[in-house]
Amino acid sequence: MLSEEEIWGIYLERNAVWYYDYRRGDPTVPHAALSSDLCSDGYVNSRIVMSDPELVRLLASELVLRIREQTVILPVDWVVGSPYGSITFSYELARQLGARHGFVEKDPKNPGRMVWQGVVIPARARVLRCEELIVTRGTAVEVRLAIENGNPEPVCFLPEVVTAIWRPHLFEPNFGIDITALVRRNDMRTWPQEECLPCKQGSPRLRPKAHWSKFISK
C-alpha cells in the first residue's frame, strides 16, 4: 500500500498541483476560481493524472485496498461517478470491485444540476459514489439527487464517498457523508470572493483548467 506522501508525489511529479505564491507580491499572478464559485490559493488538476490509464489503475487499486478495510462499504453493487473528471476513475474502481458502473451527466437544461438517464439501477442496490477530487460535498449530494430522481425504485447509498484527493473546506456541512480518500490536504485554503485574500491583493481569479499554463509558469 502506498503512503499518502507517495501518492501526492505522483501529482507533484506530473505538475498537477499549484499553490499561490504569496511571497512574490505580484498582483498579476492569478488564483483559482473553483466550480463551487469559491476562491482558492491551491489547486489540483486531476485531469493530468487521470489521463494516464496506468495511473488510474494504480490509484483505483490503492483505493480498493482501503475500501476492503471498511466493512461499512462492502459489498458494492454499483460505483457511480460524476461528470466528467471522475468517469474513468470510477469505471476502473468498479472494474476492480466487480461492480456495475455508471455516471451522472450535466443537465443540458440546467448545467448546474445533474441527471441520471439511460440505465436503471435495481431497487436496494448498494451504490458507492466515487470522485477524483473533493473540495466540498456538494457534488456528492447532487449525484445522489440525480440517482434518486432518475430511478423508479429506491437504492441503498453507502455512507462513504471515495476519492483520490480530498481538500476539506472549513465549516462545510457534511450532509451525513463520510469520505475515504487516498490523500487529504489541509494546506490549500478556500474562501467566498468577498473574503478572499488574493482577490483583495488584486490577483485575478481564473478557472485553472482553462488557464493552466498561467498557473504553473514560473
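The protein carries 27 positive and 27 negative side chains, and the centres of these two sets lie 3 Å apart. In this count Lys and Arg are positive and Asp and Glu negative, while His and the chain ends are not counted, and each charge is placed at NZ of Lys, CZ of Arg, CG of Asp or CD of Glu. The model is predicted, so local features need pLDDT of at least 70 and side-chain atom pairs count only at pLDDT 80 or more, although totals for chains, interfaces and linings use all residues. Residues are numbered from 1 along each chain as its sequence is written, and side-chain values use heavy atoms, with hydrogens and water left out.

Consider the whole chain before its parts. The protein has seven helices and 13 strands, where helices (H or I, at least four residues) and strands (E, at least two) are DSSP runs numbered from the N terminus. Its radius of gyration is 18 Å, close to the 17 Å that the globule rule gives for 218 residues, so the protein is as compact as a globular protein of that length; the radius is taken over C-alpha atoms, and the rule is 2.2 Å times the number of residues to the power 0.38. Along its principal axes, the C-alpha trace spans about 55 × 40 × 30 Å.

Of the 218 residues, 49% are buried, a word that here means under 20% relative accessible area, with exposed meaning over 50% and partly exposed in between (1.4 Å probe, protein chains only). The protein exposes about 11,100 Å², of which carbon and sulfur atoms supply 51%; accessible areas come from the Shrake-Rupley method with a 1.4 Å probe, and for residues only the protein chains shown count as cover. When contacts (heavy atoms within 4.5 Å) are taken between residues at least 6 apart in sequence, 69% of them join residues at least 24 apart.

Helix 1, residues 4-13, is a good place to start along the chain. Its buried residues are Ile-7, Trp-8, Gly-9, Ile-10 and Tyr-11, and their cover includes strand 1 (17-19), strand 4 (42-44), helix 2 (46-50), helix 3 (53-67), strand 10 (156-166) and strand 11 (178-184). Glu-62 belongs to helix 3 and is buried, with a relative accessible area of 6%. Leaving aside neighbours within four places in sequence, Glu-62 is in contact with Met-1, Leu-2, Ile-7 and Leu-182.

Two residues of helix 4 (residues 87-97) may be followed next. Ser-90 lies in this helix and, at 0% relative accessibility, counts as buried. Beyond its neighbours within four places in sequence, Ser-90 touches Val-79, Val-80, Gly-81, His-101 and Cys-130, and its C-alpha atom is separated by 7.0 Å from that of Glu-131, 41 residues apart along the chain. Leu-97, also in helix 4, is buried with a relative accessible area of 16%, and, with neighbours within four places in sequence again left aside, its contacts are Val-64, Ile-67, Leu-74, Val-76, Val-79 and Leu-128.

The strands come next. Strands of a sheet pair through backbone hydrogen bonds, either parallel or antiparallel, and here two strands are said to pair if DSSP finds at least two bridges between them. An open sheet of four strands has the order 12-3-2-13, with mixed pairing. Strand 12 (190-191) and strand 13 (205-206) stand at the edges, each with a single partner strand, so one side of each is left without a neighbour in the sheet. Strand 3 (residues 39-40) pairs with strand 12 in the antiparallel sense over two bridges, and Cys-39 has Trp-191 as its bridge partner in strand 12. Elsewhere, strand 7 (residues 105-107) and strand 8 (residues 110-115) pair in the antiparallel sense over three bridges; a hairpin joins them through two residues, and Lys-106 stands opposite Met-114 in strand 8.

Finally, the backbone itself deserves attention. Most residues other than glycine have a negative phi, and most peptide bonds are trans. Asn-15, in the loop between helix 1 and strand 1, is not a glycine yet has a positive phi of about 60°, and this residue is partly exposed, with a relative accessible area of 39%. Asp-37, in the loop between strand 2 (31-33) and strand 3, has a positive phi near 75° and counts as partly exposed at 42% relative accessibility. The peptide bond from Leu-74 to Pro-75 is cis, with omega near -5°, and Pro-75 is found in the loop between helix 3 and strand 5 (78-81). A cis peptide bond also joins Pro-83 and Tyr-84, with omega about -10°, and Tyr-84 lies in the loop between strand 5 and helix 4.
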